[in-house]
Amino acid sequence: MSKGKDHLIRPYGDTLNDGKMQLSFSLPVPPDERGKEAARTLLKKMGFEEVEVCGMRDLKEGFTHFIAYAGCPVSVDLSKIRVKTVETDVMGLEDTDEYIRTRIGRPLTVIGACIESDAHTVGIDAIMNMKGYNHRYGLERYRYFKAINLGAQVSCEDLLKRARREKADAVLVSQIVTQRNIHVKNLTRLIELAEAEGLRHRMLFICGGPRISHELAIELGYDAGFGSGTYATDVASFIAITLAGRTHKERG
Amino acid sequence: MLQLQLQRDLITRARRAAREIVRAQKWLFDGFSSVTVERTVLRLLGVDGASRDGTPFPNLIIDHLKNKQALGRGAAWWMANACAAKKLTPQQTAEAVCQNGLDLTACPAQPDAKVMALLEKQTRAGLDRIRKQKSRREELFAKYGPRRSPAIYVIVATGNIYEDVTQAKAAAGEGADIIAVIRSTAQSLLDYVPYGATTVGFGGTFATQENFRIMRRALDEVSAAEGRYISLTNYASGLCMPEIAAMGALERLDLMLNDAMYGILFRDINPRRTLLDQYFSRMINACAGIEIQTGEDNYLTTSDAVEKAYTVTASQLINEQFALASGMKPEKMGLGHAFEIDPDLENGFLYELAHALLTRELFPKSPVKYMPPTKFVSGNIFKTHLMDALFNLAGQMTNQGVQLLGMMTEAIHTPHLADRSLAIENAQYIFNTARDLGRELQLSPNGFINKRANQVLKEATVFLEKVAQEGLFVALAKGEFAGIKRPEAGGKGHDGVFMKEPGYLNPFLETMKTELEVP
């Protein structure tokens with residue numbers, strides 16, 4: 001992917017390394033020449049070059065929306081970029097079932113919920129429900145998963161109680177609402193309670209949601225995190241492969 | 001003109017089945033009440049306020065009656081009896097109970113005629129406050145002119161009501177007709193209505209009477225400045241459905257989301273509880289001239305929008321009958337549906353037109369509410385903006401009542417000021433440039449759209465007839481709606497339902513029933 005010396009890369013408009021970026025933001029100023037200059041100045045102070053404010057829209061109540069193109073003077077060294085991602089292979093439904101059957105030999109119990117105040121089940125449903133999402137069936141469809149979807153607004157306590165009762169192999173938590181970092185607070189609370197109740201290392205804890213990355217999940221003490229674009233196949237494969245690995249270690 | 005050729009006999013059969021489904025619930029409406037219905041009665045009698053720990057007086061009083069095993073008679077009689085015995089107003093009586101430990105059940109029973117006369121007076125005063133707001137709305141619409149169709153509906157959701165005011169005023173200035181103040185996540189499961197103004201909420205502000213008042217005042221100002229009546233909406237849903245309906249009626253909200261089926265399926269609220277609450281809340285809405293909106297769009301966010309399109313139609317027909325059973329007029333029924341088909345589906349737009357026309361034609365007098373794409377929307381704001389444009393085109397072509405605008409940043413964050421502005425620009429452009437397109441076009445009688453609409457109607461009819469045969473509660477328990485099983489005695493709030501005892505009285509319910517000619 002990287003071109004140019006030392007893997008240094010910049011935004012690409014229509015010429016390599018032109019650094020062209022598209023910007024869009026609002027300022028608490030009226031839509032006039034002074035406002036436009038404020039927008040330009042702001043971008044220049046951010047380090048942008050060749051700033052061109054091409055659009056200015058009145059947002060009423062003393063606010064204005066600006067659209068701009070500008071050149072980015074900095075670059076990043078691609079060779080120094082490291083990201084944490086879920087690295088297990090992704091298998092299809094039938095392969096995953098077969099994998100669990102041969103490597104673990106029993107169905108895995110997965111309990112999912114949107115915890116605490118979160119009322120948005122679209123994420124957990126996409127992963128767990130029979131129907132799944134975008135032609136990938138959810139965990140309920142797998143023969144080797146017992147999928148229990150507790151739905152929305154489940155307290156951390158209730159989720160853990162159920163996980164203990166069902167002897168869950170994995171707990172899936174979805175967090176969609178992220179205003180004022182409520183998702184981080186909720187996820188932290190769950191993992192702390194799981195630690196306190198001695199459940200943390202008896203099952204996998206996995207979180208997901210549009211603002212969740214694997215890196216954030218690891219930081220919060222989870223086994224994995226899945227962001228947007230995740231399908232049931234990703235989650236199912238991760239659970240199967242990780243637990244099979246653990247079983248081996250325990251045996252061996 | 002774009003017009004479907006629907007099989008009339010199917011419409012008749014579907015409506016008949018929906019009517020049977022709803023009529024079968026009469027035992028519930030006649031024989032039972034709930035804690036929130038009784039708290040609503042107190043609010044309409046004029047009780048307001050909360051204790052220092054934030055528990056609303058209506059909750060404290062209902063808990064008090066429940067502890068004394070006196071709730072079977074309803075709150076109204078106890079309240080009026082105490083008012084008569086102590087010569088206090090309902091608010092003074094409430095304060096005496098909540099702050100000075102007055103026992104309502106220990107007040108000496110006053111002569112029946114005296115209590116009834118007082119109650120009649122108090123009921124009239126409560127309903128007069130609602131009627132006054134209804135006339136005020138009618139005056140303002142007469143002054144500024146009627147709402148456009150499709151009306152532009154946008155949300156504000158900053159979590160701070162004062163910040164919401166800024167955003168709402170800006171949106172109105174840009175052309176919005178209806179402002180929805182989104183509720184803080186999880187309010188639907190609170191069995192009380194929080195008190196006071198919200199400045200820190202998650203995903204929205206609480207529906208409180210004070211928040212309603214603050215936003216109504218701001219929108220009245222902007223209506224005067226724009227020369228256009230800007231409507232306000234919030235959510236009379238969840239465990240406090242009728243209380244919020246009453247607050248909305250008192251503070252002149254113009255529309256309210258109100259849908260028990262939604263609460264049952266997607267919030268796991270007990271079916272009996274919420275249908276009962278809905279029955280009373282819709283009567284309040286009807287009395288206040290408030291337009292309700294229903295949440296059928298949610299069926300399509302969890303299920304496939306083509307395969308399960310009939311569940312939307314079926315739910316709309318059930319919701320229509322529940323609304324009629326509460327004395328609502330079709331003109332105030334904002335039945336919901338959505339533009340949620342996979343954008344990769346070939347001819348997906350034709351399916352959308354078929355579904356949108358079906359809703360439009362099944363409910364010709366109703367301001368049907370059209371919801372934007374959310375399910376197949378990603379962080380690609382450019383694609384989303386384009387999908388929203390097609391959604392707006394479908395809305396204009398099929399003449400929807402209310403167009404809930406899609407935001408290009410759906411699935412990313414609650415709308416920023418510029419996101420909302422771009423959404424309004426998108427809608428205004430399309431509504432204007434395609435103004436009369438729908439009137440100019442005709443559908444081929446045996447074409448895709450006609451066939452599709454009739455197929456959905458057929459599936460809905462068969463489904464409704466099945467539900468009518470087995471009963472709504474059985475169908476819910478079997479998971480026949482949205483694939484989610486909801487048993488009659490399960491879910492949240494069931495313990496708040498109680499059987500009416502001899503001598504039970506709800507003067508608001510009785511008066512409104514007469515006034516609205518409820519069967």
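Chain B of this predicted model has a mean pLDDT (the predictor's confidence in each residue, from 0 to 100) of 96, and 100% of its residues reach 70 or more. The model scores ipTM 0.88 and pTM 0.88. Because the model is predicted, local features need pLDDT of at least 70 and side-chain atom pairs count only at pLDDT 80 or more, while totals for chains, interfaces and linings use all residues. Residues are numbered from 1 along each chain as its sequence is written, and chains are lettered from A and ligands numbered from 1 in the order in which they are written.

The secondary structure of chain B comprises 21 helices and 11 strands, taken as DSSP runs numbered from the N terminus (helices H or I, at least four residues; strands E, at least two). Its C-alpha trace spans about 75 × 55 × 40 Å along the principal axes. The radius of gyration of chain B, taken over C-alpha atoms, is 23 Å, which agrees with the value near 24 Å for a compact globule of 519 residues; the globule rule is 2.2 Å times the number of residues to the power 0.38.

Buried residues (20 or more other C-beta atoms within 10 Å of their own; exposed, 12 or fewer; partly exposed in between; C-beta atoms placed from the backbone) make up 57% of the 519 residues in chain B. Of the contacts in chain B (C-beta atoms, placed from the backbone, within 7 Å) with a separation of 6 or more, 77% join residues 24 or more positions apart.

The largest nonpolar core (buried Ala, Val, Leu, Ile, Met, Phe, Trp, Tyr and Cys residues joined through C-beta atoms within 7 Å) contains 167 residues, of which B:Ile61, B:Val154, B:Ile179, B:Met215 and B:Leu464 touch the most other members. Apart from this core lies another, of 51 residues, including A:Leu108, A:Val154, A:Val171 and A:Leu187.

Note on methods:
Contact = placed C-beta atoms within 7 Å.
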